[in-house]
Amino acid sequence: MGQTIRLTTAQALIKFLNQQYISVDGVETPFVEGIFTVFGHGNVLGIGQALEQDPGHLKVFQGKNEQGMAHAAIAYSKEKLRRSIYAVTASSGPGSANLVTAAATALANNLPVLLLPADTFATRQPDPVLQQFEQEHSFAITTNDALKPVSRYWDRITRPEQLMSSLLRAFEVLTDPARSGPATICICQDTEGEAFDYDEGFFRKRVHYMDRMQPSERELDAAAELIRASKKPLLLVGGGAKYSDAREELIAFSQQYDIPLVETHAGKSTVEYTFANHLGGTGILGTSAANAAAREADLIIGIGTRYTDFTTSSKTAFDFDKTRFLNINVSRMQTYKLEGMPVVADAKLTIAALHERLNGYKTEFGSRISELKSAWDAERDRLGSVTFKRSGFDPEVKHQFSQEILNEYADALGTEFAQTAALIAINEAVDKDSIVVSSAGSLPGDLQRLWNAEVPNTYHLEYGYSCMGYEVSGALGIRLAKPSSEVYSIVGDGSFLMLHSELVTAIQTGNKINIMLFDNSGFGCINNLQMENGSGSFHCEFRNHEGAVMNIDYAKVAEGYGAKVYRANTAEEVKAAIEDAKKQTVSTLIEMKVLPKTMSDGYDGWWNVGVAEVSESESVRQAYERRAKKLESAKKY
Ligand SMILES: Cc1ncc(C[n+]2csc(CCOP(=O)(O)OP(=O)(O)O)c2C)c(N)n1
Ligand SMILES: O=C1C[C@@H](O)[C@H](O)[C@@H](O)C1=O
Ligand SMILES: [Mg+2]
């Protein structure tokens, strides 16, 4: 036995976090950058006391909402390609409950975050304590149990010495690229303050090695054979490719063999759009070019993708009779999808190794790649110059709102701005190396299609959970990860209303973010979805009790917090506002009133949604028939 040191559980936790390092490709860096806090009685006297006494190198932030600050932490680790994290401490009860949505967001996106919610008393002496619900069939159940299904690792600490084995396990999970996600350690509020004689060895510097997983010779031989047998393979770039830093290998591979490249939301900007073989986003929110290439392909080389419904157009994007799948992923589970050939390995290493085995190979795509790309680029130009007309206007989302209703919106919001034109204006105005972030609503669709990322790793979409409220909180996390980059949060009015508390944290801490608020006065994409599937417009527009379209002054709200604000309803105004916003040191909000139904739509994507099988409405019955017909051509599993 070596020396011991007497610390509270919370003090030991903070001391341990300071000693965790990560090593990737020979570069060693501290793994835990800091901690977000919302203190309550459950954690202020434990973790709060420990941080006040000695935070070490940890940066300490006061969050405003547990979900918001956890989203910021998640965005930070995503931006850091999972090589650095923030911890998040919450008080017990409602504070813990507020973490559940964020934990699920991290889990769906395979993003590491250390969640530290306080728990009820281990001794149970004062029970029921404030915020403790009493579950009659088990006093062992607390709010924190709700975090179990959404954590990659979950533990409850009722004695100080349990912390040691728990933290070791948590960091093993947090630094494993194949199982990365939220690690949740719930510490009883009395235990946080209890002392123990910890072995000093527990606090020695620990380096976690994120070694690249090598593909086996067998896997490489089989994969090369599959590619050689293919006339039209397609590179489908997912988030795993980005985390693996596989840009150079992808470009070289695609270039040499004439393989078109398409991307998912998570993979977007791994390779910049200016690369000639890049056909843009794929699937439900994809470009015409990417979706045509996917349909023509006889082999999909899926790199670090989960093949979600948005990527596969609910398993209708490919010709499943002829198309095969080669799945390269560090997660074995992911490689089994769509009956693909599994290569359980790192993307960068695998692409490089495959490159060496394909000498003399060429696809049959030839000039088709540039044809598809130019046709899409022309379509994007059209979308950038959509102009509203008071009569005979044909919006992108068709046959839903009459001209009369569109005019009503134009009058109520005082705008004639089309969403696609607004987004492209932003894309043209921001510096190329700035970062955009979004996650829910109609904007992810426009972003995946229309946002041309010209610098790698400048596009940050949370579309694994598509959680409203990530947009603003996420921007803060990104700014912490990249303090010298301008960060633009692309957010709808609905998402902004749902959660924007961390705008205050950004202003308070001097971490500048820019919010690009698209106000179409409603849950626009859901309104599109219901009407496209035969329903009427039901509870998705923001109309008041008298039926009038609401026109909320969001700029004023942000101004109240201390942000510099702008109102911009034309492309010129947007560009001018962005230019001025670049000069500011404080966070900014640019409010744009945009017309509903003017987001991009179509391009052969299809989404399987639960249309009512029986209905009194003829249009719903027709929608159900259309869905049933489409499902006939979909792969069933
Ligand atoms: C937390 C959460 N609740 C509900 C949803 C379902 N949902 C997806 S988009 C959306 C509306 C988004 O409205 P807004 O942000 O204004 O974007 P718009 O579609 O109008 O562009 C809703 C309710 C979600 N994704 N996340
Ligand atoms: O239900 C949804 C519809 C999608 O269009 C949207 O982007 C997403 O946020 C969602 O939850
Ligand atoms: Mg909206």
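## Exercises on three ligand sites and two unusual backbone spots

In this predicted model, the residues of the shell around ligand 1 fall into five nonpolar, nine polar and one charged.

**Exercise 1.** Describe the surroundings of ligand 1, beginning with its closest residues and ending with the area that the protein buries.

*Solution.* Start with the neighbours: ligand 1 is surrounded by 15 residues, and the closest of them are Ser442, Asp493, Gly494, Gly524 and Cys525. Next, ask which elements supply the shell around ligand 1; helices α20 (493-498) and α22 (524-532) each contribute at least two residues, and α20, with four residues, provides the largest share. Then look at the individual polar contacts, taking the side chain of Ser442, which has an N or O atom 2.6 Å from an oxygen atom of ligand 1. The backbone also takes part, for a polar backbone atom of Ser466 is 2.8 Å from a nitrogen atom of the ligand, while a backbone N or O atom of Gly524 lies 2.7 Å from one of the oxygen atoms of ligand 1. Finally, consider the area: ligand 1 taken alone exposes 580 Å², and the protein buries 79% of that. The space that ligand 1 takes up is the largest pocket.

**Exercise 2.** Find the protein donors of the magnesium ion (ligand 3), and work out which parts of the chain Asp493 and Asn520 tie together.

*Solution.* First list the donors, which are Asp493 (OD), Asn520 (OD1) and Gly522 (O), at 2.0 to 2.1 Å from the magnesium ion. Written along the chain, these donors follow the spacing D-x26-N-x1-G. Now place two of them: Asp493 lies in helix α20, whereas Asn520 lies in the loop between β21 (514-519) and α22, so this pair ties together parts that are 27 residues apart in sequence. Asp493 should already be familiar, as it is also one of the closest residues to ligand 1.

**Exercise 3.** Name the residues around ligand 2, sort them by character, and describe the polar contacts of this ligand.

*Solution.* Begin with the list, which consists of Ala440, Gly441, Tyr463, Ser466, Cys525, Ile526 and Trp607. Sorting this shell gives five nonpolar residues, two polar and no charged. Then turn to the contacts made by oxygen atoms of ligand 2: one is 2.5 Å from an N or O atom in the side chain of Ser466, and a polar side-chain atom of Tyr463 lies 2.7 Å from an oxygen atom of the ligand. From the backbone, an N or O atom of Gly441 lies 2.7 Å from an oxygen atom of ligand 2. Taken alone, ligand 2 exposes 290 Å², of which the protein buries 73%. As a last step, locate ligand 2, which sits in the largest pocket.

**Exercise 4.** Locate Pro128 and Leu81, and state what the backbone does at each of them.

*Solution.* Recall that most residues other than glycine have a negative phi, and that most peptide bonds are trans. The bond joining Asp127 and Pro128 is a cis peptide bond, with omega about -10°, and Pro128 is found in the loop between β7 (113-119) and β8 (153-157). Leu81, a residue other than glycine, has a positive phi near 55°, and it is found in the loop between α3 (66-79) and β6 (85-90).

Conventions
Residues numbered from 1 in each chain as written. Chains lettered and ligands numbered in written order. Predicted model: local features only at pLDDT ≥ 70, side-chain atom pairs only at ≥ 80, totals over all residues. Heavy atoms only, no water. Near = heavy atom within 4 Å. Polar contact = N/O pair within 3.5 Å; in protein donor to acceptor, adjacent residues only side chain to side chain. Areas by Shrake-Rupley, 256 points an atom, 1.4 Å probe, with all protein chains shown as cover. 1 Å grid on protein atoms, 1.4 Å probe; cavity = no way out; pocket = protein on both sides within 12 Å on 5 of 7 lines; lining within 4 Å. Sits in = over half its atoms within 2 Å of the grid points. Nonpolar A, V, L, I, M, F, W, Y, C, P; charged D, E, K, R; others polar. Donors = N, O, S within 2.8 Å, 3.2 Å for Na, K, Ca; no water.
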